[in-house]
Amino acid sequence: MRTFRYERASTTSGAVALLAEAPHGAFLGGGTNLVDLMKLDVARPDLLVDVRRLTSDRVEELSNGGVRIGAGVSNSQLAADPLIRRRYPMLSQALLSGASGQLRNLATAAGNLLQRTRCPYFQDVTTPCNKREPGTGCSAIEGHHRDLAILGTSPECVATHPSDLAVALVALDAVVRTEGPDGERVIPMTELHRLPGPEPQRDTVLRHGDLITAIDLPPLAFAACSYFRKIRDRASYAFALVTVAAAIDVVDGVVRDVRIAFGGVAHKPWRAIKAEELLRGGPAGEDQFRRAAEAELADARPLAGNAFKVPLARNTMVRTLLELLEGPR
Amino acid sequence: MEAEVTFRVDGTSHRLTVDVRTTVLDALRERLGNTSAKKGCDHGQCGACTVLLDGQRVNSCLALAVAHDGAEIVTAAGLASDGELHPLQRAFIRHDAFQCGYCTPGQIVSAVGMLREAEAGWPSAVTAGQPADGGSGGSDGPTVGILTDDEVRERMSGNLCRCAAYANIVPAIQEVARG
Ligand SMILES: Cc1cc2nc3c(=O)[nH]c(=O)nc-3n(C[C@H](O)[C@H](O)[C@H](O)COP(=O)(O)OP(=O)(O)OC[C@H]3O[C@@H](n4cnc5c(N)ncnc54)[C@H](O)[C@@H]3O)c2cc1C
Ligand code: SF4
Ligand code: FES
Ligand code: FES
């Protein structure tokens, strides 16, 4: 590992100021992704500004009926939080389906959202990778890409975003609050992560030195009946092949409202806007769910090794909505 | 860059100067001579390095020592009190829950942390994993006495065993969980 300077700040503005002066510096949360990437020489920060204990570690109810999650809340604490489990169960399920008990105890909410892709070439400095070193080429397109994206890819990069939490947050229309050199911003989760395009080195719309301070969940009554389903190669402790986060509000057989997001299919958590629009106001049933999933996935452009993800994503969405429809068993 | 840190490890306080790149695992093993926690993968994937850090189980190979200055650390070696093995240590021996033993300190410390988490009502992917709970988002959490084997496997999935002693690890943990 290369050496670096380690700093802590007593205020969030102090932390932002420290990083603003260090173009190659980074914030440190639990370190479960960043320290790993530093060991692999993929991340080479010359300054770490430790913000794990600086940002809030509380989950609080907002006056509008929503919930604010401090950036420093651990993944375990968040998954176990009674408010989250009662109002947004898919969020708790998403966290619990990721990593391990030990990792979730160290990992922070903000760090989880900003973890980097698990594309094997990104983590291997001996291979070309446009995300790690722009302009060197993409090893995955002609190589091992079974786990990678089917939607929104570019000729430069076909990576997926690995966070399960982010998928649930995108489905819930959460917003991220940041403090940066240019002041405070509120960024919808649906816009935080970006598609690779010609600039796969940029995972998100954040600018250097933007500190995530909190994540706000809007009130969404029907999210109390929501579900996060993760399909993976092992029963536990594996990154996703495909995930679906969904909540549905059905009254007298008619879909009043619905939220659907896919994980494991794109460079960002994929909100299924088309499927939602098709379903809203119409009857709730297997045929409708299938048609909506097919419409959403019509733009999928899989590679030779990951075409299986298209039917897998469709079936996972249909099955998840059907189970939500059945309700408590 | 170097930094001065203090730790309480298995009940004893230490003050040491570390290179900021030093992980808690390397500080324990290389600087304090406590080789209880093992280095398996050094990338957060195997759980052999699990320690209790301020009461919670974590992968010490990804925790920078400087970021945890002042922490209370417990390794498997510190679980025994007054020469009396911890109930989980005794259960592992009784159930022959290891072969080479390399993963064992991590397994035992992880099980200690895991049972505390279950006792605190923390859910797991098994308890909170069904849409069928109709919005309650899982039960209020199991009491330790009713952890199923599936539940133990899920909660312990961050600890790999290359000798595949799982068939004996789960019953060893269950013996303690069920009291
Ligand atoms: C073996 C293994 C298995 C895993 N499995 C899964 C899985 O199945 N699903 C899943 O979703 N995840 C999984 N993970 C990833 C894990 O969830 C992330 O490593 C973790 O959530 C990152 O959080 P952290 O606080 O440790 O972040 P760090 O490693 O500290 O930071 C990650 C990034 O976020 C930045 N950052 C941190 N805090 C802030 C802030 N407040 N503002 C701005 N930037 C910030 C850092 O600069 C860095 O770029 C796994 C990890 C491992 C090692
Ligand atoms: S898919 Fe993206 S991350 Fe993977 S090798 Fe290609 S450019 Fe790099
Ligand atoms: S050595 Fe830390 S998890 Fe493998
Ligand atoms: S006993 Fe050998 S690795 Fe577990």
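**Exercise 1.** What volume does the largest cavity have? Describe its lining in this predicted model.

*Solution.*
Step 1. The volume of the largest cavity is about 100 Å³. The count of cavities of 30 Å³ or more comes to 4.
Step 2. List the lining. From chain A it includes A:Ser76, A:Ala79, A:Ala80, A:Leu96, A:Gly101 and A:Arg104. From chain B it includes B:Arg57, B:Glu117, B:Trp122, B:Pro123, B:Ser124 and B:Arg155.
Step 3. Assign the lining to elements. Helix H3 (75-80) and helix H6 (101-106) of chain A each give two or more residues. H3(A) supplies the largest share, 3 residues.
Step 4. Sort by class. The lining of the largest cavity has 5 nonpolar, 3 polar and 4 charged residues.

**Exercise 2.** Find the residues that line the second largest cavity and sort them by class.

*Solution.*
Step 1. The second largest cavity holds about 70 Å³ of space.
Step 2. Its lining includes the cysteines A:Cys119, A:Cys129, A:Cys138 and A:Cys157. Also in the lining are A:Tyr121, A:Asn130, A:Lys131, A:Ser139, A:Ala140, A:Glu156, A:Val158 and A:Ala159.
Step 3. By class, the lining of the second largest cavity has 8 nonpolar, 2 polar and 2 charged residues.

**Exercise 3.** Locate ligand 1 and describe the shell around it.

*Solution.*
Step 1. Ligand 1 lies between chains A and B.
Step 2. Count the shell. Ligand 1 is surrounded by 34 residues, and the closest are A:Phe27, A:Gly31, A:Thr32, A:Leu34 and A:Thr108.
Step 3. Look for elements of chain A that each supply at least two shell residues. Strand S2 (25-28), helix H7 (109-113) and strand S8 (211-217) do so.
Step 4. Sort by class. The shell around ligand 1 has 16 nonpolar, 15 polar and 3 charged residues.

**Exercise 4.** Which polar atoms of A:Gly29, A:Asp164 and A:Ile212 lie 2.8 Å from ligand 1?

*Solution.*
Step 1. Start with the oxygen side of the ligand's contacts. A polar backbone atom of A:Gly29 is 2.8 Å from an oxygen atom of ligand 1.
Step 2. Turn to nitrogen. A:Asp164 places a polar side-chain atom 2.8 Å from a nitrogen atom of ligand 1. For A:Ile212, a backbone N or O atom lies 2.8 Å from a nitrogen atom of ligand 1.
Step 3. Add the coverage. On its own, ligand 1 has 980 Å² of accessible area, and the protein covers 94% of that area.

**Exercise 5.** How many Å separate the centres of domain 1 and domain 2 of chain A?

*Solution.*
Step 1. Take the bounds from the domain assignment of chain A: domain 1 (5-49) and domain 2 (225-326).
Step 2. Taken over C-alpha atoms, the centres of domain 1 and domain 2 of chain A are separated by 36 Å.

Notes:
Residues are numbered from 1 along each chain as its sequence is written. Chains are lettered from A and ligands numbered from 1 in the order in which they are written. This is a predicted model: local features need pLDDT of at least 70, side-chain atom pairs count only at pLDDT 80 or more; totals for chains, interfaces and linings use all residues. Side-chain values use heavy atoms; hydrogens and water are left out. A residue is near a molecule or strand if one of its heavy atoms lies within 4 Å of it. A polar contact is a pair of N or O atoms within 3.5 Å; within protein, one must be able to donate a hydrogen and the other to accept it, and residues adjacent in sequence count only if both atoms are side-chain atoms. Accessible areas come from the Shrake-Rupley method with a 1.4 Å probe; for residues, only the protein chains shown count as cover. Helices (H or I, at least four residues) and strands (E, at least two) are DSSP runs, numbered from the N terminus. Ala, Val, Leu, Ile, Met, Phe, Trp, Tyr, Cys and Pro count as nonpolar, Asp, Glu, Lys and Arg as charged, and the others, Gly among them, as polar. On a 1 Å grid over the protein atoms alone, a cavity is a set of points where a 1.4 Å probe fits but cannot get out, and a pocket is an open set with protein on both sides within 12 Å along at least five of seven lines; lining residues have an atom within 4 Å of a point. Grid points are joined across faces, edges and corners, and a volume is the space filled by probe spheres set on the points. Domain bounds come from an automatic or database domain assignment.
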